[in-house]
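Let's take a walk through this structure together, one region at a time. Have the coordinates open in your viewer as you read.

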Amino acid sequence: MVFTLKKYIALLTLMFLTFSVKAQEDEVTFEMAVSKEKLGLNERLRVDFTINRDGDNFNPPNFEGFRVVMGPAQSIRNSWINGVRSYSKSYSYTLMPTEKGTFTIGQSSIIVDGKVYKSLTKKIEVSAAVEDPNAPPTAESIADDNLHLVAEVSNNNPYLNEAVSVVYKLYVSNSIRVTNFRPLDSPKYNNFWSQDMPVKQYSAQEGTFQGKPYQYVILKRIVLYPQKTGKLDIEPLSLDVSVEVPTSRRDFFGRPLYTSTHKTVSAGSRTLNVKELPLTGKPENFTGAVGKFDFSVTTSKKALNASESLQASVKVSGSGNLKLFQLPEPSLPSALEVYEPEFDELIKTTITGMEGSVKNNYTIVPSYKGKYPIPSIAFSYFDPKAEKYINIASKEIVINVIEGPTNGGVSGSTTPSNRQEVVSTGSQFLFIKLSTTLQPKGNNYFYGSTAYLLWLLLPLILIPLAILFGKKREAIRGDVEGNKVKKANKLSRKYLSAAKKTLGNKEAFYVALEKALHNYLKAKLKIETSEFSKDKIAQLFEEKQVNQSTTDGFMALLKNCEMARYSPFSNVQMQEDYNTASEVISSMDKQL
């Protein structure tokens with residue numbers, strides 16, 4: 001029974017694979033490929049039309065703007081690999097441009113099993129003649145065509161104080177490889193309030209650029225709030241990128257060989273046209289809030305006794321420029337004692353801008369019995385989506401003071417009487433006594449006392465001590481080498497401690513760790529920074545008879561510090577590197 005079940009499962013699997021292969025064979029693909037998309041007037045262009053099934057009645061495009069030098073040359077490729085049949089049929093043309101400009105190679109068609117299949121179109125840019133039309137493309141030109149840095153701006157025409165996001169993406173074609181990159185200069189966002197959103201880990205994603213498939217990496221994200229109107233420039237971001245590009249050579253297995261080059265790419269300058277907020281409908285109490293908000297005024301209690309306190313909160317929540325406007329202030333009756341407010345904010349910044357809330361907390365203490373109103377407070381903001389001002393008013397809140405002294409004025413008045421009744425409660429105020437019975441306790445003279453003698457002898461004691469201290473200090477100053485060693489050792493401990501505090505922040509952690517290692521070498525090996533090299537350090541370790549495991553650990557740490565500038569490192573890796581640094585330094589202390 002078990003054997004029969006296994007036989008049926010194997011049979012079903014074989015049938016599924018057979019159907020899958022058959023489905024792949026039945027799928028027809030008809031594509032056009034060109035040797036280059038940009039060429040000079042005196043260069044040649046190769047165009048290949050390839051189909052994976054045998055077809056009839058191939059109909060080429062008219063090749064407007066080009067002259068057919070050769071073709072069509074027909075070739076068939078038929079092979080079996082691991083029992084799978086691979087078939088392709090190609091029609092190749094060699095073209096020569098007839099004039100400069102941008103031309104479109106139209107669709108070609110072919111009939112397979114009575115059905116018509118058409119290829120996609122391609123745009124070709126023809127420029128002036130080149131010096132050597134037969135020269136192969138250089139690594140720099142290949143990198144230039146397949147590597148692009150783009151600054152994507154969410155809104156080119158924002159209002160004043162409206163959020164604008166800028167995302168810097170590096171687009172890389174599938175035909176080349178990026179091995180490393182470093183920023184040459186970072187843009188300065190003058191006339192903007194800016195909030196950087198660090199990219200914790202670089203990850204490649206699929207996308208398209210100018211209609212072609214690319215992979216891209218998000219390098220930098222930032223949210224801007226323009227603080228001026230008119231045309232504002234965003235400075236470009238520039239990178240030095242290490243690239244590997246394919247050559248015409250092949251290895252033993254037929255795979256292309258790559259060569260390395262450097263390419264400087266720039267996102268280019270971007271200009272925003274910042275619009276003024278409209279004057280029509282602008283409220284008098286408008287303080288610059290732009291976005292979409294809610295407004296509320298609340299109190300912790302509405303009934304209490306005199307001399308007790310309550311909390312009143314004026315709160316604005318929503319999305320917009322939460323850090324860039326003032327909250328409205330309440331107008332309270334003078335019978336309520338109000339303290340300076342405590343400002344509280346709970347804001348997070350996303351790629352769309354700031355979200356959260358800001359509020360002022362007022363501590364209020366009533367002095368008299370009665371009912372006191374907190375008048376309605378108005379708050380206004382500009383909604384850039386609706387392009388209009390919104391005004392929100394809170395409801396009036398009445399504070400009921402149940403027990404306490406009575407104010408001479410009208411209950412609930414916002415301006416109580418200036419006269420207050422002074423109530424005596426016992427012994428706060430007493431008459432000044434004109435005659436006393438005070439007696440002197442005694443006469444203590446400083447001259448001739450023990451303290452006088454000590455102060456007299458103190459200079460005789462301090463002068464020899466000062467001379468000894470001065471000589472010791474001069475000797476320490478003269479020991480230049482010893483001072484350098486002490487300073488370097490102290491800095492090593494300091495930066496190692498700083499590295500521990502920045503665990504989780506890759507850049508800060510590895511900068512502090514590298515400084516700690518370098519200063520440790522200064523202290524122990526008495527070498528300068530200019531002499532640092534891995535070979536020199538290994539030679540000195542060998543001379544000092546440092547064991548090989550300690551030397552390897554130290555060199556691995558230096559290598560990780562260098563690689564961390566360009567490669568992602570996890571928190572676990574940083575913790576391991578810190579533990580290794582502590583162990584290596586402890587081990588070297590015992591050996592040096």
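Two strands count as paired if DSSP finds at least two bridges between them. With that in mind, look at strand β16 (residues 212–226), where K212 is the bridge partner of F209. Keep in mind, too, that everything here comes from a predicted model.

F209 and K212 belong to a larger pattern of pairing: strands β15 (residues 205–209) and β16 (residues 212–226) run antiparallel and are joined by 5 bridges. Together they make a hairpin with 2 residues between the strands, and in this hairpin Q210 has a positive phi near 55°.

Now step back to the whole chain for a moment. You will find 8 helices and 30 strands in it. Of its 592 residues, 33% are buried. If you take the contacts in the chain with a separation of 6 or more, 70% of them are between residues 24 or more positions apart.

A good example of a contact between distant parts of the sequence is V297, which sits in strand β21 (residues 291–299). Is V297 buried or exposed? Its relative accessible area is 14%, and buried means under 20%, so V297 is buried. Leaving aside residues up to four places away in sequence, V297 touches S313, V314, I377, S394 and I397. One of these deserves a distance check in your viewer: V297 and S394 are 97 residues apart along the chain, yet their C-alpha atoms are separated by 6.1 Å.

Next, turn to a sheet of 3 strands. It is open, with the order β2-β10-β7 and mixed pairing. The edges are taken by β2 (38–40) and β7 (101–105); each has a single partner strand, so one side of each is left without a neighbour in the sheet. Direction ignored, neighbouring strands of this sheet are turned by 30° against each other on average. How do β2 and β10 pair, and over how many bridges? Strand β10 (residues 122–127) pairs with β2 in the parallel sense, over 3 bridges. Within that pairing, K38 stands opposite E125 in β10.

If backbone torsions interest you, two asparagines are worth a stop. N161 is not a glycine, but it has a positive phi of about 70°. It lies in the loop between β11 (147–153) and β12 (164–172), and N161 is buried, with a relative accessible area of 10%. N191 is another residue other than glycine with a positive phi, near 70°. You will find N191 in the loop between β13 (177–185) and β14 (192–197). At 36% relative accessibility, N191 counts as partly exposed.

Finally, move along to a pair of helices, α6 (residues 534–543) and α7 (residues 548–563). Their axes come within 11 Å and cross at roughly 160°. Angles over 145 degrees count as roughly antiparallel, and therefore α6 and α7 are roughly antiparallel to each other. The crossing in which α6 passes α7 is right-handed. On the α6 side, the residues that meet α7 are K534, I537, A538 and F541, while T551, F554, M555, L558, K559 and E562 meet them from α7. Sorted by character, the residues of this contact divide into 6 nonpolar, 1 polar and 3 charged.

Terms used
Residues numbered from 1 in each chain as written. Predicted model: local features only at pLDDT ≥ 70, side-chain atom pairs only at ≥ 80, totals over all residues. Heavy atoms only, no water. Axes fitted to C-alpha atoms, helices over the stretch in contact; angles between N-to-C directions. Helix = DSSP H or I, 4+ residues; strand = E, 2+ residues; numbered from the N terminus. Parallel < 35°, antiparallel > 145°, perpendicular 65-115°, else oblique. Left-handed = near helix turned anticlockwise from the far one by under 90°. Contact = heavy atoms within 4.5 Å. Nonpolar A, V, L, I, M, F, W, Y, C, P; charged D, E, K, R; others polar. Buried < 20%, exposed > 50% of the residue type's maximum accessible area, 1.4 Å probe, protein only.
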